[in-house]
Amino acid sequence: SFKPELPVKTRWKASIGSSGNYVMFPLLFDELVCGASVKGRVACLALDTGKERWTLDLKAPLSAGVGSDGKRLLVVTQDSELIAIEPDDKVAFRAQISGEILAPPRGLPGTIVVRSTDGRVQGLDGETGKRKWSYQRQLPALTIRSQAGVLIDRDRVYAGWPGVKFTALTLEKGTALWEVTVATPKGSTELERISDIISEPVINGE
């Protein structure tokens, strides 16, 4: 049985559009809630009222978004094009990147980090989208299709991988600092041994 301890009421709700076969994450950006649809619509709503502040039609189907580098909103098209959007709904730049991107781009001013489904994490220039560095891991024979991205904390990038590996990289150069195994895959077949990290990391204190 479930006994609610706190009454919860819906203050507002809004639809930005369908996500199709992808997962489109909402993003809190200053006092706005920003989201995107698979058809390429990006919109930001007032956090307190849900009233639409602006909307932008990118006229390209999206596979990932909405992310941010703290300065701009970031989405990725199904053709692997990174689009950076200013807070006032103007496109800052577009940049072609390699690999299929399902997770929202993350970053800090100066560096944008994207993760692709082929086992790569790439660091891009925050003003042009040009690649600064790339880190790649060899993936197991079978993996789960996942929208898991990366966590950026200060000068580090954290990522969990198929095969239950967890890695810390430097934000500036993508250098691997350390790696740990967080579980032991078991089973006699590749299918039974699938053991992938499919959630994003979370910082809990230290």
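This report describes the overall fold, the nonpolar cores, a run of paired strands and two contrasting charged residues of the chain.

The model is predicted: local features require pLDDT of at least 70 and side-chain atom pairs count only at pLDDT 80 or more, whereas totals for chains, interfaces and linings use all residues. Residues are numbered from 1 along each chain as its sequence is written, and side-chain values use heavy atoms, with hydrogens and water left out.

**Overall form**

The chain has 16 strands and zero helices; both are DSSP runs numbered from the N terminus, with helices being H or I of at least four residues and strands E of at least two. For 206 residues, a compact globule would have a radius of gyration near 17 Å, and the 18 Å of the chain agrees with this. That radius is taken over C-alpha atoms, and the globule rule is 2.2 Å times the number of residues to the power 0.38. Along the principal axes, the C-alpha atoms fill a box of roughly 55 × 50 × 35 Å.

Of the 206 residues, 45% count as buried (under 20% relative accessible area, with exposed meaning over 50% and partly exposed in between; 1.4 Å probe, protein chains only). Among contacts (heavy atoms within 4.5 Å) between residues at least 6 apart in sequence, 41% join residues at least 24 apart.

**Nonpolar cores**

A nonpolar core is a set of buried Ala, Val, Leu, Ile, Met, Phe, Trp, Tyr and Cys residues joined through side-chain atoms within 4.5 Å. The largest one has 20 residues, and those with the most contacts inside it include Val 42, Trp 54, Leu 73 and Val 75. Strands S1 (27–29), S2 (32–36), S3 (41–46), S4 (52–57), S5 (62–68), S6 (73–77) and S7 (81–85) each supply at least two residues of this core. S2 gives the most, with three residues. Leaving aside residues up to four places away in sequence, Val 75 touches residues including Ala 36, Val 42, Leu 58, Leu 62 and Ile 85. Apart from the largest core lies another, of twelve residues, among them Ala 64, Phe 93, Ile 97 and Val 114.

**Strand S11 and its partners**

Five of the six residues of strand S11 (residues 120–125) are buried, so this strand is largely enclosed by the rest of the structure. Strands are paired if DSSP finds at least two bridges between them. The pairings of S11 are set out below.

| Pair | Bridges and direction | Opposite residues | Hairpin |
|---|---|---|---|
| S10 (residues 111–115) and S11 | Five, antiparallel | Ile 112 and Leu 124 | Four residues between; Gly 119 phi about 90° |
| S11 and S12 (residues 131–136) | Five, antiparallel | Val 121 and Tyr 135 | Five residues between; Gly 129 phi about 85° |

In the two turns, Gly 119 and Gly 129 have a positive phi.

**Arg 72 and Lys 9**

Arg 72 lies in the loop between S5 and S6 and is buried, with a relative accessible area of 6%. Its side chain reaches the backbone oxygen of Gly 126 at 3.1 Å. A polar contact of 3.1 Å also joins the side chains of Arg 72 and Glu 127; such a contact is a pair of N or O atoms within 3.5 Å, where within protein one must be able to donate a hydrogen and the other to accept it, and residues adjacent in sequence count only if both atoms are side-chain atoms. Not counting residues up to four places away in sequence, Arg 72 touches residues including Phe 29, Ile 85 and Phe 93.

Lys 9, in the segment before S1, is exposed, with a relative accessible area of 75%. Lys 9 and Glu 52 are 43 residues apart in sequence and 21 Å apart in space, C-alpha to C-alpha.
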